[in-house]
Amino acid sequence: MSRLSQIEPFVRSCVSAIAAFIGAQVTVVDDELNRIYGTKQYHAFTEDVEKRSSVFFERVLVEKQIKVVTDVQNDPVCFGCRNHTICTIKVEMGYPIDDEGQIIGVIGVSAFTDDEAAYIQQNYDRLIEFLKYIDLLITSQLRTVERSSRLQLQLTEVSHQNTHSRILGRCPQIQELLALGHRVAGSDSTILITGESGTGKEELAKFLHSESGRRDGPMIAINCGAIPEALVESELFGYESGSFTGAKKSGAVGKLELANGGTLFLDEIGELPLLAQTKLLRFLQERTIERVGGRKAIPVDVRIVTATNRDLEEMIRQHTFRQDLYYRLNVIPMQLPPLRERGEDILLLAYHFLRHYNKKLHKSIAGFDRQAEQLLLRYPWPGNVRELRNIVELLVNIALGDLVTAQDLPAHLLSGPRQARPERLTLNQLLESYERSVLAASLKDAESREDRLRVAEELGISEATLYRKREKYSL
């Protein structure tokens, strides 16, 4: 479907208005030469015939210029048209529909009688001005419709994400947190969720939204640390047309407006630049926003939930976070415990992720053997729930038996308790860790070249690949 076909009813009204104004025949075609609508004379042509005969409109599209033909039989512009020798058009004009430099269609004006031809030629300048106005009307309507469609799509996607989030856990800290969540979910007071990275702060925010009276509204999540500093303000508050270089002519709605009637979750709030902190504080005080480049105060009804893994009080001492904003955000504090302090919740979550990835990857792994469970419980989980989820996904991919065994676990889980590492392991890193442990075990007694050839054959790789991986992992 072409862009113009999205506003076919509006194009019809524009065509009728042009035809009434000039007393000639009018059509509009899209950038594929498909007719969107035409007045009565154009009804004599099937769309297929018109498309194959529209050499003139094609030239307008390609050259992006207004074109006029006053002698169809002899004008070179028309020589490629299959119907040019029998064409009854006396004067034809093509006006490109220009949407910010992109030609999305053509307004065609055709005179089939001497009176129509005379009118077009005598009122050419006036007609051009009128078509320019119609062009602006069409492109403005198209942008409005497309903007509305994008907004609706965003809201639909957000709604799909608003399924009731499940916070799994039987440990006392989680049970107390859930009890508090049930009590405060119906409030509009701001909430500050703290905890280490990977503990599930966004899941808790989704739980609060799903338990609130705003559950039927959108929940918009935004990571303050993932947006370039220069764009944070416009991303949150939106911007008006022409407010900065590169801004869309139609402007843009910010995340606060998009979350109207629902919840806005600001993750990594400690990464918010000071200027944006000031504007956020003003919003919390007045409950209105001003778009970048705008002067109009726009009321927004939204509940703010924020999260951070940083020490905001220390940031206040270092003058990198506003103290007055901190007090506004920390009305209801909620702290998520790290996974290493949640005891048997580790296995509860591990089996939950196992069921999830069994279904997703079409596997049927029944569980973990006793030794594997003990190793999972003993590991300090520096990456918290996120790391556990990644490891279970890895295990479902690679485990060969009905149960995950200790031998299936990545090497760093087999070495016993140790200090939590600062880095978070990605799935690729986990796969490499497992590959290294498999190679190390297989090459343990491989002293001769024949032994190494046998290992390569057993692993289903070439000798060259085996040597390359030995070098990669320093084995």
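## Meeting a predicted model, one question at a time

Biologist: Let's start with one residue: what does Tyr351 count as at 24% relative accessibility?

Modeller: Buried means under 20% relative accessible area, exposed means over 50%, and partly exposed is in between, using a 1.4 Å probe and protein chains only. Because its relative accessibility is 24%, Tyr351 counts as partly exposed.

Biologist: Thanks! Before we go on, what is the average pLDDT of the protein?

Modeller: This is a predicted model, with residues numbered from 1 along each chain as its sequence is written. Local features need pLDDT of at least 70 and side-chain atom pairs count only at pLDDT 80 or more, while totals for chains, interfaces and linings use all residues; side-chain values use heavy atoms, with hydrogens and water left out. The pLDDT is the predictor's confidence in each residue, from 0 to 100. In this protein 86% of the residues score at least 70, and the average is 84.

Biologist: How many contacts beyond four places in sequence does the model have for residues 156–165, and how many beyond near neighbours for residues 417–423?

Modeller: Contact means heavy atoms within 4.5 Å. Residues 156–165 keep a pLDDT under 50, and the model gives them 14 such contacts. Residues 417–423 have a pLDDT below 50, and their count is eight.

Biologist: Now the whole protein: how many helices and strands are there?

Modeller: Helices (H or I, at least four residues) and strands (E, at least two) are DSSP runs, numbered from the N terminus. Of the 475 residues in the protein, 47% are buried. The secondary structure comes to 19 helices and 14 strands.

Biologist: How many salt bridges are counted?

Modeller: A salt bridge is a side-chain nitrogen of Lys or Arg within 4 Å of a carboxyl oxygen of Asp or Glu. One network of these bridges links Arg3, Asp99 and Arg143. The count comes to 19.

Biologist: Take Lys67 and Glu63: which of these salt-bridge partners counts as buried?

Modeller: Their side chains meet with N and O 2.8 Å apart. Glu63 counts as partly exposed because its relative accessibility is 30%. At 15%, the buried partner is Lys67.

Biologist: How far apart in sequence are the parts tied together by Asp188 and Arg214?

Modeller: The side chains of Asp188 and Arg214 form a salt bridge with an N to O distance of 3.0 Å. Asp188 is in the loop between helix H6 (172–184) and strand E6 (191–194), and Arg214 is in the loop between helix H7 (201–210) and strand E7 (219–223), so the parts they tie together are apart by 26 residues.

Biologist: Which helices are joined by Lys255 and Glu235?

Modeller: These two residues form a salt bridge whose closest N and O atoms are 2.5 Å apart. Lys255 lies in residues 255–258 and Glu235 in residues 229–237, so the pair ties together parts 20 residues apart in sequence, namely helices H9 and H8.

Biologist: Let's look inside: which element gives the largest share of the largest nonpolar core?

Modeller: A nonpolar core is a set of buried Ala, Val, Leu, Ile, Met, Phe, Trp, Tyr and Cys residues joined through side-chain atoms within 4.5 Å. The largest one has 32 residues, and those with the most contacts inside it include Leu264, Phe283 and Ile304. Elements giving two or more residues to this core include E7, strand E8 (263–267) and helix H10 (274–286). The largest share, five residues, comes from H10.

Biologist: How many residues does the second, separate core have?

Modeller: Among its members are Cys14, Val28, Val91 and Ile138. The size of this second core is 30 residues.

Biologist: What kind of aromatic pair do Tyr351 and Phe368 form?

Modeller: Rings of Phe, Tyr and Trp (its six-membered ring) pair if their centres lie within 6.5 Å, with planes under 30 degrees apart counted as stacked, over 60 as edge-to-face and the rest as tilted. The whole structure has four aromatic pairs, and one of them, Phe56 with Phe57, is tilted at 5.8 Å centre to centre and 45° between the planes. For Tyr351 and Phe368 the centres are 5.2 Å apart and the planes lie at 85°, so the pair is edge-to-face.

Biologist: Which residue's charged end sits over the ring of Phe237?

Modeller: A charge sits over a ring if NZ of Lys or CZ of Arg is within 6 Å of the ring centre and within 35 degrees of the ring normal. Here the charged end is 4.6 Å from the centre of the Phe237 ring, and it belongs to Lys279.
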